[in-house]
Amino acid sequence: MSVELKMAWRNIWRNPRRTILTIAAIAFASLILVFMLSFQFGCYETMINTSVKISTGHLQVMAQGYLEDKKMRLVIKDPEKVASVLKKVEGIDAYTFRANGFSLVSSERRTYGVVVTGIDPIKEASVSTIESLIRKGSYLDLEGIYDVLIGEALSRNLKVDINDELTVLGQGRDGSIAAAVLTIKGIFDSGIDEFDRNVLMMGLKGFQEVFSMGTSVHEAVITAHSLGDVAMVKQQIQNDLSLQRKDSGLNVPDWMEIMPGLLQGIQMDLFSGIIMYIILIVVVAFSIFNTFLMAIFERTREFGVMMAIGTTPGRITKLVMFESVCMTLVGIFSGICIGSLLTLYFQKYGIYIAGTEDILKEYGIPDRLYPRLSLISASAGPLVVFLITFVSSVFPAFRIRKLKPVEAMNAV
Amino acid sequence: MKKALLTIFVLVSLPFNLYAQIDAGKIVKNAFAYWRGEASVSIAAMTIHRPGWERRMKIKAWTQGETDSLFVIIEPAKDKGNGTLKLAKSMWMYNPKVNRIIKLPPSMMSQGWQGSDFSNNDLAKTDSIIKDYVHTLEETTIDQGKKIYLIKSIPKPDAPVIWGMIKLTIREDHILLKEEFFDEDFESVKALTAWDIQMTDSKLFPMQWKMQKTDAADEYTQFVYDKIEFKQNLSKSIFTRTNLKNPGL
């Protein structure tokens, strides 16, 4: 340990109360940043995963142009071929095929326009949570191709219950009229209002028959092992698909392209969070700046003496910088430790905020929130605190260079 | 002296202006009355054209006055018997396969009828142009010895309409040649054109109609009449839900 470091360490404990207060401020700022960033990231991941699990998947394969304009004619003509590609790609958790059509659906008393989605009952269960969302009746099976699942809100709007019949009237892929009488087998409640009000699900086989689809589908819905794998999986599917056919006419959008609203919501929330953090950091920085400035004014005499006995101003500056770095590091380190412990505790047990269920439900978030500690959330905030405090200690430190030994020794 | 001349000029020109206003409204009213007749029974082929594919069907239609109509698909066989009944502003659809009648909710009125470029609104509100718009004569030209009126129609304030402006081209013998629809920014959205004017059982009538989106040259819906008969009156029982189910084709 160099002499300067040793001196710096001893110096900071010459006034323990002030030092502890400063360290506490730094530690508190770091703690808050670690916890809040983890909390935000945790919420985002929950939001993304909920949406992904209910409807869109992490990735989809679809015909070029289908994402922008859901025209019935834009189909994946040969789903088998796509399936053979998807089976080989690493990082894919599960996939399923779906087909969608806009239709009028009517009960005895009411008529609404809805999206009818054809799903493969077995594969769908491995991709989405729909099976676990059934509140009444039961999930689809392979036999009942004219059975349907509807959302709780839609069932209320149509005034129907399980085992009631619905008439669907829409347009098939060839432009002919698609009509069928369907039996309600189950009612689901996803908690996402729009989904519960506008979606009707039936077996893919039945859908293809009613809507003259042949064996074609509209989208292949894919879930990856984790959110982080999405980019890699996307790249690989794109490569493999284009290898198979030069111009496959297929597009591989990820969840950010499928749900731009969700991404924008996250960006907006993160941005307002960052503004809060900046304010917090600036306040902490000023208090540290003040502490250092005070310390130097107070110790003018001491510095004068040190210079008089031959210490160069550069060495004193170094000493003061070491003091600030020591203090900051102790603060940040304890902040990260306590913050991480706190985060880990809540990561395990969740945070329940009373009275927010409804608003969270709208965004598809369960009523308990779980922060998620990661390397980024644990280090990003404290790192910024370190940089800012370092900068705010530079200015007082450089004032020392202007000191003249005789004048300094005479200062009060 | 100058003042007197001016007064005379104003007095003389005033009736002309008034006349022009009344005239345009009348031209439109007459044209639409002529187009629909008191009542009509027709058979037409409808072609929906899209980039890469086309769909054809044959339709039998009954109309009565400005509000009531019944359209039934007679070809292709797969869709035979599918019908749409419109009474005043309500619409019902019937499908023989499931043997059900569905009443169209108001939110569906701007959707295309049977996937065509004619919206349900186009079918349900064809009389709205007479009631909800103010018409002005923009220009009169002469083509093949017949006067052609170009009329601009702007919706009355608070009228429940979807178009910001409609431009009509009407021949002096009441034949509607073109109806162009504009949005609130006066950008052209779609246009209906008519040609192939022939003598039907009682009057001259354009046998071909085409509705085309302005920004998509490859997307249109075309109506070609096989046969159209104009009648004085049709039985009320034609425009009922019972008849929608079984129109006796």
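Which residue takes a positive phi just after H12(A)? That would be Gly350(A), where phi comes to about 80°. Keep in mind that this is a predicted model.

The helix just before Gly350(A) deserves a quick check of its own. H12 of chain A covers residues 313-349, which makes 37 residues. At 1.5 Å a residue the expected span is 54 Å, and the end C-alpha atoms of H12(A) sit 54 Å apart, so the two values agree.

Now over to chain B, which has 4 helices and 13 strands. Out of its 249 residues, 27% are buried. Looking at contacts in chain B with a separation of 6 or more, 42% come from residues 24 or more positions apart.

Three of the strands in chain B are worth following in order: E10 (residues 176-182), E11 (residues 188-199) and E12 (residues 204-213). E11(B) pairs with E10(B) and also with E12(B). Here is how the two pairings look:

| Strand pair | Sense | Bridges | Hairpin connection |
|---|---|---|---|
| E10(B) and E11(B) | antiparallel | 5 bridges | 5 residues |
| E11(B) and E12(B) | antiparallel | 9 bridges | 4 residues |

A couple of residues help you find the register. Lys178(B) faces Thr193(B) of E11(B) across the pairing, while Gln198(B) has Phe205(B) in E12(B) as its bridge partner. In the turn of the hairpin between E10(B) and E11(B), look for Phe186(B), which has a positive phi of about 60°. While you're tracing these strands, remember that in a regular strand the side chains alternate between the two faces of the sheet.

Methods
Residues are numbered from 1 along each chain as its sequence is written. Chains are lettered from A and ligands numbered from 1 in the order in which they are written. This is a predicted model: local features need pLDDT of at least 70, side-chain atom pairs count only at pLDDT 80 or more; totals for chains, interfaces and linings use all residues. Helices (H or I, at least four residues) and strands (E, at least two) are DSSP runs, numbered from the N terminus. The expected span of a helix is 1.5 Å times one less than its number of residues. Two strands pair if DSSP finds at least two bridges between them. A residue is buried if 20 or more other C-beta atoms lie within 10 Å of its own, exposed if 12 or fewer, and partly exposed in between; C-beta atoms are placed from the backbone. Two residues are in contact if their C-beta atoms, placed from the backbone, lie within 7 Å.
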